[in-house]
Amino acid sequence: MRIPDFTFEVPEGNRTLRFEVSGFGVTAGDRRIVVDPWLAFDEKRSEPDGPERWARITDELAAAGLDPHDVDTVVFTHLDGVGWALGPDDETPGFPNARHLVTQTELDAQAAGWRPGSEGVQRLLDLGLVEALAPGEIAPGVRVEDAPGHSSGGVVVHAEDAVFVGHLFLHPAQLTAVERTELEPDPERSITVRRAVIADAKARGVRLYGDLWAEPGWAYAP
């Protein structure tokens, strides 16, 4: 399931690109998993409407059988903030009973100051909620695969007929314009990984879901 948080727009020439910060819930047997808990703009958690937004998200999660206290795993495809892994007070974990999986490469990059805006991960580390994520199966039918590009330690998450691509594709238009890499630290690697993810998704006929993609938040590989 996909739950949006807030939208924003970016003007580009004579058009405007619309984005929607979203998180994803996955059930796998008795496992309850959140993928990329609304990553981007961590400072917005503490805005006046932060508690209201978090209450709406928790209500939607609970209605789908993913009450935040029942979530056992939170997976980060990368660190661009920690999103609602922390509550509006920037102290209380949003998913207090979950292990939070982040690749060691991303954790090392954050510790070195290379992931600005992701300072909240330290709070999760202090609470003992973070574990290093390695490629492979993390739950029945749910697996992670290395996908460096947007970040050096990035992954994508496969679950049944879905692939969660994080910020590897910031906008669905990049599915047909993989060379659009203005914001990527390693453009050549981003292009190579994007093409591989697209080819795999097309071959299997699965949907791609992006953290920042506006409604409906998914697309089939072109």
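Biologist: How do the residues that line the second largest pocket divide by class?

Modeller: In this predicted model, the lining of that pocket has twelve nonpolar, three polar and three charged residues. The lining comes to 18 residues, and those nearest the centre of the pocket are Met1, Gly25, Val26, Glu160 and Phe164. The pocket itself holds about 280 Å³ of space.

Biologist: What makes Gly25 polar and Val26 nonpolar in such a count?

Modeller: Gly is placed among the polar residues and Val among the nonpolar ones, so Gly25 counts as polar and Val26 as nonpolar. By the same list, Glu is charged, so Glu160 counts as charged.

Biologist: Which strand gives the most to the lining of the second largest pocket?

Modeller: Strand 2 does, with five residues. Strand 2 and strand 10 (162-164) each supply at least two residues of this lining.

Biologist: What is the volume of the largest pocket?

Modeller: The volume of the largest pocket is about 750 Å³. It is lined by 34 residues, and Phe19, Leu170, Leu183, Glu184 and Leu212 are the closest to its centre. By class, 16 of the lining residues are nonpolar, nine are polar and nine are charged. Strand 1 (2-12) and strand 2 (15-28) each supply at least two of them, and strand 1 gives the most, with four residues.

Biologist: How do you know that strand 1 and strand 2 are paired?

Modeller: Two strands pair if there are at least two bridges between them. Ten bridges join strand 1 to strand 2, and the two run antiparallel. Ten meets the cut-off of at least two, so the strands count as paired. Phe6, for one, has Val21 in strand 2 as its bridge partner. The hairpin of these strands has two residues between them, and Gly13 there takes a positive phi near 65°.

Biologist: Why is the pair of Phe6 and Phe41 called tilted?

Modeller: The search of the whole structure finds nine aromatic pairs. In the pair of Phe6 and Phe41, the ring centres are 6.1 Å apart and the planes stand at 50°. The centres must lie within 6.5 Å, so 6.1 Å qualifies. Planes under 30 degrees apart would be stacked and planes over 60 would be edge-to-face; 50° falls under neither heading, so the pair is tilted. Phe6 lies in strand 1 and Phe41 in the loop between strand 3 (31-35) and helix 1 (50-63), and the pair links these distant parts of the chain across 35 residues.

Biologist: What makes Phe6 buried or exposed?

Modeller: Phe6 has a relative accessible area of 12%. Buried means under 20%, so Phe6 is buried. Phe41 has a relative accessibility of 38%, which is not under 20% and not over 50%, so Phe41 counts as partly exposed.

Biologist: What kind of aromatic pair do Phe8 and Phe41 form?

Modeller: Phe8 and Phe41 form an edge-to-face pair, with 5.2 Å centre to centre and 85° between the planes. Phe8 is in strand 1 and Phe41 is in the loop between strand 3 and helix 1, so the pair ties together parts 33 residues apart in sequence. The angle passes the cut-off of 60 degrees, and therefore the name edge-to-face applies. Phe8 has 21% relative accessibility and counts as partly exposed. Ring pairs also link Phe6, Phe8, Phe19 and Phe41 into a cluster.

Biologist: How do you know that Lys44 lies over the face of Phe6?

Modeller: Lys44 is 4.7 Å from the ring centre of Phe6 and lies over its face. The distance limit is 6 Å, so 4.7 Å is within it. Arg207 likewise lies over the face of Trp218, at 3.6 Å from the ring centre.

Biologist: How many cavities of 30 Å³ or more are found?

Modeller: The search finds three. The largest cavity has a volume of about 70 Å³, and its lining includes Thr77, His78, His150 and His167. That lining has four nonpolar, seven polar and no charged residues. The second largest cavity holds about 40 Å³ of space. Phe6, Phe41 and Lys44 are among the residues that line it, and the classes there are five nonpolar, one polar and five charged.

Note on methods
Residues are numbered from 1 along each chain as its sequence is written. This is a predicted model: local features need pLDDT of at least 70, side-chain atom pairs count only at pLDDT 80 or more; totals for chains, interfaces and linings use all residues. Side-chain values use heavy atoms; hydrogens and water are left out. On a 1 Å grid over the protein atoms alone, a cavity is a set of points where a 1.4 Å probe fits but cannot get out, and a pocket is an open set with protein on both sides within 12 Å along at least five of seven lines; lining residues have an atom within 4 Å of a point. Grid points are joined across faces, edges and corners, and a volume is the space filled by probe spheres set on the points. Rings of Phe, Tyr and Trp (its six-membered ring) pair if their centres lie within 6.5 Å; planes under 30 degrees apart count as stacked, over 60 as edge-to-face and the rest as tilted. Buried means under 20% relative accessible area, exposed over 50%, partly exposed in between (1.4 Å probe, protein chains only). A charge sits over a ring if NZ of Lys or CZ of Arg is within 6 Å of the ring centre and within 35 degrees of the ring normal.
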